[in-house]
Amino acid sequence: LARDDDFIGIEKARAKLAAFIGADADEVAFTTQFSTAANIVIEGLAWQPGDEVIVTDQEHPALLIPLMNAVRRHDLKVSRIPVSHNADEMLTSFQAVLTNRTKLVAVSHVTTDSGTVQPVAEMTRLAHEHGSYVLYDGAHSVGQFPVDLHALGCDFYAMVGYKWLLGPYPSAALYIRRDRLDHIEVTWCGSNMTQTGSVT
């Protein structure tokens with residue numbers, strides 16, 4: 001019974017978070033750390049040598065280190081653009097490095113260092129025009145101002161519960177847009193993926 005109650009509680013929390021961020025409950029997964037959420041996306045993508053990644057010069061290590069590990073393992077190219085409070089300057093720098101080889105744009109919605117709110121709607125549109133995936137670091141956005149991920153149209157969005165949402169530590173979550181779920185391979189798993197705790 002306790003296990004059933006726990007499951008119901010988790011599902012209620014998932015539905016509540018999804019509604020809060022403009023998503024559907026089955027597009028949201030809970031994790032314990034932001035870096036776990038980032039790794040699920042980064043390690044789950046089908047990388048090819050020469051694929052390109054775009055980041056800014058103010059990314060937190062929780063996003064940057066998993067990305068650099070993928071760069072090392074898959075022979076990727078990284079372009080790092082400077083953060084600017086001027087949205088036009090930011091988009092000019094972004095477009096200068098965005099190519100048809102760009103596999104992933106991975107940037108903060110709100111930067112940790114300077115608190116700059118990135119022009120994410122326009123970045124998403126431009127990235128998708130080039131066939132690129134978009135992963136946003138929402139650690140400093142969710143809870144500070146309204147976020148509507150369906151309206152934003154990004155592919156992936158990682159967030160934490162213990163900052164602006166004032167939740168417990170550790171707590172984090174990952175949004176994967178429904179039509180992108182099959183684009184992420186499962187790279188590690190455990191017994192909680194079963195219904196009974198057994199594969200027999």
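Which hand does the crossing of α4 and α5 have, right or left? Let me start there. The crossing of α4 and α5 is right-handed. One thing before I go on: this is a predicted model.

Now the geometry of that pair. Helix α4 covers residues 87-97, and its axis comes within 11 Å of the axis of α5. The two axes cross at roughly 15°. Angles under 35 degrees count as roughly parallel. So α4 and α5 are roughly parallel to each other.

There is a second helix pair. Helix α2 is residues 34-44, and helix α3 is residues 61-74. Their axes come within 8 Å and cross at roughly 30°. By the cut-off, that makes α2 roughly parallel to α3. The hand here? The crossing of α2 and α3 is right-handed.

Back to α5, and on to the strands. Helix α5 spans residues 120-129. Together with β4 and β5, α5 makes a β-α-β unit, and the unit is right-handed.

Let's stay with β5. Is strand β5 enclosed or open? Strand β5 runs over residues 133-137, and 5 of the 5 are buried, so the rest of the structure largely encloses it. Buried here means under 20% relative accessible area.

Look at the two faces. In a regular strand, side chains alternate between the two faces of the sheet. On one side of β5 sit Tyr133, Leu135 and Asp137. On the other sit Val134 and Tyr136. Every one of these is buried, so both faces are covered.

What about the neighbours in the sheet? Strand β4, residues 102-108, pairs with β5 in the parallel sense, over 5 bridges. One contact to find on screen: Ser108 has Asp137 of β5 as its bridge partner. Strand β6, residues 156-160, also pairs with β5 in the parallel sense. That pairing has 3 bridges. Here, look for Tyr136, whose bridge partner in β6 is Tyr157.

Next, backbone outliers. Most residues other than glycine have a negative phi, and most peptide bonds are trans. Which residues should you check against that?

Take Asp75. Asp75 is not a glycine, yet its phi is positive, near 60°. Asp75 sits in the loop between α3 and β3, with β3 at 77-81. Its relative accessible area is 54%, so Asp75 is exposed.

Then Leu166. Leu166 also has a positive phi, about 60°, and is not a glycine. This residue lies in the loop between β6 and β7. Is Leu166 buried or exposed? Exposed, because its relative accessible area is 75%.

The loop between β6 and β7 also holds Pro170, with β7 at 172-176. The peptide bond joining Tyr169 and Pro170 is cis, with omega about 0°.

Last topic: cysteines. A disulfide is a covalent bond between the sulfur atoms of two cysteines. How many disulfides does a search of the whole structure find? The count is 0. Two cysteines are still worth a look. Cys154 has 0% relative accessibility, so Cys154 counts as buried. Cys189 has a relative accessible area of 60%, so Cys189 is exposed.

To wrap up. Strand β5 is largely enclosed, with parallel pairings to β4 and to β6. The crossing of α2 and α3 is right-handed, and so is the crossing of α4 and α5. For the backbone, keep the cis bond at Tyr169 and Pro170 in view. That's it from me.

Notes:
Residues numbered from 1 in each chain as written. Predicted model: local features only at pLDDT ≥ 70, side-chain atom pairs only at ≥ 80, totals over all residues. Heavy atoms only, no water. Buried < 20%, exposed > 50% of the residue type's maximum accessible area, 1.4 Å probe, protein only. Helix = DSSP H or I, 4+ residues; strand = E, 2+ residues; numbered from the N terminus. Pairing = 2+ DSSP bridges. Right-handed = clockwise from strand over helix to strand, strands pointing away. Disulfide = S-S within 2.5 Å. Axes fitted to C-alpha atoms, helices over the stretch in contact; angles between N-to-C directions. Parallel < 35°, antiparallel > 145°, perpendicular 65-115°, else oblique. Left-handed = near helix turned anticlockwise from the far one by under 90°.
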